[in-house]
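Please take a moment with the sequence and the model shown here, and then follow the paragraphs below, which go from the overall arrangement to a few chosen details.

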Amino acid sequence: MENKKHPHKDLLRWRGTLTNFGLMISISAVLAAFEWKAYEDKPLLDLDRDMSAWEDDFVPPITITLPPPPPVVPPQIKVIDNEVKLDPQNFPLIDIDLPNDQAIPPVILDDLPVIETAPEIVDFTEVMASFVGGMEAWYTYLKTHLKYPKQEQRMGIEGTVILRFVINVDGSIQDIEVIRSASPGLDQAAVTVIENSPKWHPGKNGGRPVRSRMTMPIRFKLQ
């Protein structure tokens, strides 16, 4: 059977070339997509602010050079001959034994010893103990003397430490204990600020000062 199409008008003869050309373009596009680099838009680094923060946090190591230890001198042992007789006059003897017929005199106390008992600690009083100057003075004292531990600042640890302590009749503080802990560093900072606190006004019952127990929360929060 005779082919009716003209040989120059046959499109199938370009099928292989066009297929390879399409594959080449597809592979090139895929490679270009994988190799394309995207950059994020970030603000410029403020060197002045960052350097100041580095200076606060960075503590240069301290190197101490110690001199070498002195040489160890072995002890010298002097051997004494057992046959050498010592002169007893150079070594006076002390006799602490009493004769059997001598009575030991009794010890008589003129006054009986006084046993002092601490006043009772009261949990509830008619007039509660208070800081000298009121709560405003107490908050001012905390802002001035309470120190946030550096390690907890770097780790971002916050929390509230609840302390319980005893206020004596003279206004002094003792027996500080941590009821609720936030972290070891925050607990120690709270105990230290209570220990260094000035004297308080003691609690009163019937108009007389008494020893009372107080509970105080101290909150640590990062700005």
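Of the contacts in the protein with a separation of 6 or more, what percentage do residues 24 or more positions apart account for? In this predicted model, such residues account for 75% of those contacts.

The secondary structure behind this picture comes to five helices and seven strands, and someone who reads along the sequence meets them in the pattern α-α-β-β-α-α-β-β-α-β-β-β. Of the 223 residues in the protein, 18% are buried, while the accessible surface comes to about 20,600 Å², with 60% of that area belonging to carbon and sulfur atoms.

Charged side chains offer a way to follow links between parts of the chain. Side chains of opposite charge can pair when their charged atoms come close. A search of the whole structure finds two salt bridges. One of them joins Arg213 to Asp123, with the closest N and O atoms 2.5 Å apart. Arg213 belongs to strand 7 (residues 208-220), whereas Asp123 sits in the loop between strand 1 (121-122) and strand 2 (130-131), so this pair ties together parts that are 90 residues apart in sequence. Arg213 counts as partly exposed because its relative accessibility is 30%, and Asp123 is likewise partly exposed, its relative accessible area being 47%.

A salt bridge is also formed by the side chains of Glu177 and Arg164, at 2.9 Å from N to O. Here the link runs between strand 4 (residues 173-180), which holds Glu177, and strand 3 (residues 159-167), which holds Arg164, and the two residues are 13 residues apart. Glu177 has a relative accessibility of 36% and therefore counts as partly exposed, and Arg164, with a relative accessible area of 30%, is partly exposed as well.

The last stop is the empty space at the protein. Rolling a probe the size of a water molecule over the atoms shows where empty space is left. The largest pocket has a volume of about 200 Å³, and which residues line the largest pocket? Its lining consists of Trp138, Tyr139, Leu142, Lys143, Leu146, Met216, Pro217, Ile218 and Arg219. Helix 3 (134-145) and strand 7 each supply at least two residues of this lining, so that strand 7, which also holds Arg213 of the salt bridge with Asp123, appears again at the largest pocket. By character, the lining residues divide into seven nonpolar and two charged, with no polar ones.

Notes: Residues numbered from 1 in each chain as written. Predicted model: local features only at pLDDT ≥ 70, side-chain atom pairs only at ≥ 80, totals over all residues. Heavy atoms only, no water. Salt bridge = Lys/Arg side-chain N within 4 Å of Asp/Glu carboxyl O. Helix = DSSP H or I, 4+ residues; strand = E, 2+ residues; numbered from the N terminus. Buried < 20%, exposed > 50% of the residue type's maximum accessible area, 1.4 Å probe, protein only. Contact = heavy atoms within 4.5 Å. Areas by Shrake-Rupley, 256 points an atom, 1.4 Å probe, with all protein chains shown as cover. 1 Å grid on protein atoms, 1.4 Å probe; cavity = no way out; pocket = protein on both sides within 12 Å on 5 of 7 lines; lining within 4 Å. Nonpolar A, V, L, I, M, F, W, Y, C, P; charged D, E, K, R; others polar.
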